[in-house]
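Reader: Please take one buried position in this model and describe its surroundings closely. Then work outward from there to the parts of the fold that can be described in the same way.

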Amino acid sequence: MRGASRGFPYRCARGCAGCRCGGKRPGSVGNTILGHSSWGFQRRRDPLFDYVGRRFGVLPDITWGGRDLPPHFLPGNLWTAGRTWAASHDEPAFRDGYPLGEAVVPEAATAFGASAGTGGPSASRSHELDLLRRWLGLSRDSAQFVRVSGEPGAGKSHLLRRLMRSARRDGWVVAAGRAPRTGATRPFDAVVDALDDLLARADGSLFELLGATATRHLASVFPALSTYGPAPGPVDHYAVSRAVRAALTHLAREGGGLLLVVDDAHRACPHAVEFLEHLVRHPPDAPVLTVLAHRPVPAGRHPATLTDASADLHHLRLSRLPDGVLRSLLPARVGPVAAAVALRDAAGVPGLLAAPRGGAGSRSDDTGPGSGLYSVLELATGVPPVVASGARGPDLHCLSSLGWRTACAAALVGDPFLPEVVAEAAALPLPDVLRGLDELYTEGVVVPEGQGRRFRFVRPALRARVHHASGAGWRHAARDRAVAALRTAGDTLALAAHLVHAEELTADDVQVLARAARSGVFWQPVRTVLALRRVVAVTGDAPEWSLLSAKALVVAGRPDEAERVHAREWQRVTAVCMGADVVDAVVWRARALRLLGRFAQARELLGAEGLSGSVAVRAELLALALEQEQVPDAWSDGAVVDLGGARDAVSEGRPDEDPCVRFHVTALLAAADAVAGRAAAARAAVERADLLLGAVEGARMAAWLEAYRWLGEAELRLGRARRAVVLFERGFDAALRFGQGHVLAPLALGLGRAHLENGEKNSAVFHSEIAAEAAGTFGRSWLVAAADAISLKAVRELDGHSSGTPLSVISDREREIADLVGAGYTNQRIAALLSISTKTVETHMSRIFKKLGLNSRAALAHTIGRDSLHHCFHQR
């Protein structure tokens, strides 16, 4: 279905006047406009094409210059793949006098669909590019030298490519090279790679200016000048450095300026680093900008050792990208929870950005890696979740065979690791492994763990990439060696992570798994469930394992499964367990019922005889009362908990010695006072909680993350939205870090409300969508409705209350599903296409129907058609 075959008209994006296309049609997509001009090509949204594609499920072929374009150029708003320009989140929306519009995503086509490892779109490093351009301008007056540093995947190479394109457009001579990935092969390796072709194209006048002696020194290292004959005797490295500097001076003067770029300079040979040092001490008397990029780990003669004493030597350190920028790189098919997990794992590094396989809404009987929300510890140890296929990540092809084998073995063992254990897993001598670790340290892949003998990967996500990039057959044999070595080393945490997937377990292995399950409920709840299943398979189903498994399921955000376990085992549990075990079981079953919206059952359970004296039971009863205060009457099950009475019962109880428990209780009291309108008491409770917060933050707070919800709620009720954002963010980030789904939805909802109060509408939409998806996976209908209301309000405020079409009130994911419904897809086919569960599709459909006021799929298809016609008539 090509546009030419349908007779659609073509128009150039800027009009053929001043365009380099010469009136030719460079490409076509239906009657989508593909313009060919000096600044690239672009696709503008064509409503008729979009409507046909949605209505009949047909996507056309797209070609550009005889080559297929990648799929991220398919229906969207306005995509451009320009040569150099970029529109960032805070850059003017004009370039060269032409309006770009808010929907422009410049050069972002390569951001995720092709590879997230490219360093991200041009918009993500606009400030850094502006700095480089400024130094390029300063080099007109005096030569400048810039070091660009950043960890693997930070976008150094991508930034340099954009700078080179900009310099060429401005008439500069550009010489670019990189240090070889396989180690030094010749003297001045990176410099030769940058300048050899340029010297090969130079005419004889350059060498006449240099003189015969300097030319022979150049010929001793540059293959392009071999016909001139090298200088006699061994290579004089200092003379070569002087000759290269002279050549740069003449080339810059003749060409109107020269940009010398050296990438991967941390791998450069000592002679190349020596030349760069010479260039800093003796800058060329010509317009020359030298830019080198390197990773930040110094080793030997590293570019990082270059002195910063000169005013013309600059250091540009690429910092983490904000989540808002990284979020724009994710495709629309990635759900909100999966997007939040991807942003957490990327940690601001665009090269590590990739979504987990299967959205957060995808559920399976086996709660294992890849099911959606997982903890960072599950990423750093054992078998990590699998990221989306096709995401390349940082470039590790530079590693030698020894370095790569060491990296694979270290990734298999998990963070942190001992060299001796890695040597056993890799079946290599320890001295070889130590040399391999030196190489990985030089490449910025691993770093020492504190002052001990252990190492770890710079990012858990990088460890996961290396783990899954190693051969499956090799991993099968290496894992057995790693397990044996971990047993000998006594590393129970890493050992337990591997025993979850071991084929056979000894009695000692079962004890290791049991200890890991008891301690890992709040740190890695999904893996705890898997560990307990292995323990039960060997030892039989004991009440302790049933209670612990149900607790881990609640923490992981699967209260429906936890309640099934509780209902099946409750009689046996209450008959066998005593004291604190019974209280803990009651509290966590009540928490599961509260998550499911079954408030009456939760109240009845907490009000059982003999439990009223427990602080934990009283606190859970107050939490139940606070949650019921937030639930609209339409979603209430008729249960009523006296908020004042629950609050008084908690305040009259004896203070617990554990500061975490005191913080949780104080947060509950602050929220209760704020809800009741006692502002002075609420502020006093918030101040007490602030004093406790510094003493309890960290891993110890993993069991009490809901306290952040109630403290944030108190601040929000007191009208202090900015303070509420800080508290909700702390809790939300911790919930993501520990994989705790039970608090993710309410914390995300609170964060969305606080962002909306602060006028941060985009963040409000994002976090409210996270809340809706996380709550929808286990049927918390009132939370889904509240999140939809926040999202709808933020969207309307973003649109200025002047939205022209009904579909503008639904989110991008909902629009994607609506389009597929309009094309005739069933819920099952939509779920398979978007890698989400059918239940998640049904949840999205109910939200779409509610927002649009519809009650059938046919009505939705009709609305989609009308929306497309609206665009068609109003854009022409």
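Author: In this predicted model, S375 is in contact with R344, W523, Q524, L736, R737, F738 and G739, leaving aside its neighbours within four places in sequence. S375 itself is found in the loop between α11 (336-346) and α12 (376-380). Its relative accessible area is 0%, so S375 counts as buried. One of the contacts can be given in more detail: the side chain of S375 reaches the backbone oxygen of W523 at 3.2 Å.

The next residue to consider is F522. F522 lies in the loop between α19 (507-519) and α20 (525-539), and its aromatic partner W588 lies in helix α23, so the pair ties together parts that are 66 residues apart in sequence. The geometry of F522 and W588 is tilted, with 5.8 Å from centre to centre and 45 degrees between the planes. Both F522 and W588 are buried.

W588 leads on to helix α22, through H566. Leaving aside neighbours within four places in sequence, H566 is in contact with W588, and also with L547, A550, A585 and R589. H566 has its place in helix α22. With a relative accessible area of 3%, H566 is buried, because the limit for buried is under 20%.

Helix α22 covers residues 559-576 and has a kink of about 65 degrees, centred on E569. E569 is one of the buried residues of α22, which also include P559, D560, E561, A562, E563, V565, H566, W570 and V573. Among the elements that cover these buried residues are α21 (543-555), α23 (580-595) and α24 (599-606).

Next comes the nonpolar interior. The largest nonpolar core has 174 residues, and F417, F457, L622, F663 and F732 touch the most other members. Helix α27 (residues 659-675) supplies the largest share of this core, 11 residues. In soluble globular proteins, nonpolar side chains tend to be buried together.

One of those residues, F732, can be followed further. Not counting residues up to four places away in sequence, F732 touches A340, L744, L747, A748, L751, H767 and I770. Apart from the largest core lies another core, of 44 residues, and L199, F207, A252 and L276 are among them. F417 and F457, for their part, form one aromatic cluster together with F455.

How many aromatic pairs does a search of the whole structure find? The search finds five. One of the pairs is made by F207 and Y228, which are tilted, 4.9 Å centre to centre and with 45 degrees between the planes. F207 lies in helix α6 (residues 204-210) and Y228 in the loop between α7 (212-219) and α8 (237-255), so this pair ties together parts that are 21 residues apart in sequence. F207 is buried, with a relative accessible area of 7%, whereas Y228 is partly exposed, at 41%. F207 also belongs to the core of 44 residues.

Aromatic rings also meet charged groups here. The charged end of R327 sits over the ring of F766, 4.1 Å from its centre. Another arginine, R829, lies over the face of Y825, at 4.2 Å from the ring centre.

A further buried position is L159, in helix α4 (residues 156-169). Like S375, which has a relative accessible area of 0%, L159 is at 0% relative accessibility and counts as buried. Leaving aside its neighbours within four places in sequence, L159 is in contact with R125, E128, L129, L132, L316 and L318. L159 and V148 are 11 residues apart in sequence, and their C-alpha atoms are 9.4 Å apart in space.

These details can be set against the whole chain. The protein has 37 helices and 16 strands. Of its 876 residues, 57% are buried. Among contacts in the protein with a separation of 6 or more, 69% are between residues 24 or more positions apart.

How values were computed. Residues are numbered from 1 along each chain as its sequence is written. This is a predicted model: local features need pLDDT of at least 70, side-chain atom pairs count only at pLDDT 80 or more; totals for chains, interfaces and linings use all residues. Side-chain values use heavy atoms; hydrogens and water are left out. A nonpolar core is a set of buried Ala, Val, Leu, Ile, Met, Phe, Trp, Tyr and Cys residues joined through side-chain atoms within 4.5 Å. Buried means under 20% relative accessible area, exposed over 50%, partly exposed in between (1.4 Å probe, protein chains only). Helices (H or I, at least four residues) and strands (E, at least two) are DSSP runs, numbered from the N terminus. Contact means heavy atoms within 4.5 Å. The bend at a residue is the angle between axes fitted to the seven residues ending there and the seven starting there. A polar contact is a pair of N or O atoms within 3.5 Å; within protein, one must be able to donate a hydrogen and the other to accept it, and residues adjacent in sequence count only if both atoms are side-chain atoms. Rings of Phe, Tyr and Trp (its six-membered ring) pair if their centres lie within 6.5 Å; planes under 30 degrees apart count as stacked, over 60 as edge-to-face and the rest as tilted. A charge sits over a ring if NZ of Lys or CZ of Arg is within 6 Å of the ring centre and within 35 degrees of the ring normal.
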